[in-house]
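Please look at the sequence and the model below, and keep both in view while reading. The paragraphs that follow go from an open space to the parts around it, and then to the loops.

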Amino acid sequence: MPHQRTTGLNHQQFTTLLTALNNHLTWFKPDQKPHKLTLAQALKLTLLYHRHTLSEELVAGFYDVSQPIISRTINLIEQALV
């Protein structure tokens, strides 16, 4: 899915935001169970969720994960972006 249509950000803006987020969060922690989604997927689905006011269940279907995973991911990304 192209970034502009799904997130409202062009490729450069998305990459800049992803880099800033990557510098702020430790996505993979050796002592914890790994996330089912990459940080890029987490950012993209959070932006997609907000831009198009989609349900968490619908977004979960797009990424083939459960709704609780989507909910936790969105909350984590939102907290990091504040």
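By class, the residues that line the largest pocket comprise five nonpolar, two polar and three charged ones. The model is a predicted one, and the values given here are computed from it. Rolling a probe the size of a water molecule over the atoms shows where empty space is left. The largest pocket holds about 260 Å³ of space, and its lining is made up of Trp27, Lys33, Pro34, His35, Lys36, Leu37, Ile69, Arg72, Thr73 and Leu76.

Two of these lining residues, Ile69 and Thr73, lead us on to helix 5, where they are buried together with Ile70, Ser71, Ile74, Ile77 and Ala80. Which parts of the structure help to cover the buried residues of helix 5? The cover includes helix 2 (11-24), helix 3 (39-51) and helix 4 (56-63). Helix 5 itself runs over residues 67-81, and because each residue should add 1.5 Å, its 15 residues should span 21 Å, which agrees with the 21 Å between its end C-alpha atoms.

Helix 4, one of the helices that cover helix 5, has buried residues of its own, namely Glu56, Val59, Ala60 and Tyr63. Seen down the axis of helix 4, these buried residues fall within an arc of 105°, and therefore they line one face of the helix. They pack against helix 3 and helix 5, whereas the face turned away from the buried side carries Glu57 and Gly61, which are exposed.

The loops on either side of helix 4 deserve a careful look at the backbone. Most residues other than glycine have a negative phi, and most peptide bonds are trans. Threonine 53, which sits in the loop between helix 3 and helix 4, has instead a positive phi near 45°, although this residue is not a glycine. Is threonine 53 buried or exposed? Its relative accessibility is 70%, and because a residue over 50% is called exposed, threonine 53 counts as exposed.

Just after helix 4 comes aspartate 64, with a positive phi of about 55°, and this residue, too, is not a glycine. Aspartate 64 lies in the loop between helix 4 and helix 5, and at a relative accessibility of 72% it therefore counts as exposed.

Key:
Residues numbered from 1 in each chain as written. Predicted model: local features only at pLDDT ≥ 70, side-chain atom pairs only at ≥ 80, totals over all residues. Heavy atoms only, no water. Helix = DSSP H or I, 4+ residues; strand = E, 2+ residues; numbered from the N terminus. Expected span 1.5 Å × (residues − 1). Buried < 20%, exposed > 50% of the residue type's maximum accessible area, 1.4 Å probe, protein only. Contact = heavy atoms within 4.5 Å. Arc of directions from axis to C-beta. 1 Å grid on protein atoms, 1.4 Å probe; cavity = no way out; pocket = protein on both sides within 12 Å on 5 of 7 lines; lining within 4 Å. Points joined across faces, edges and corners; volume = space filled by probe spheres on them. Nonpolar A, V, L, I, M, F, W, Y, C, P; charged D, E, K, R; others polar.
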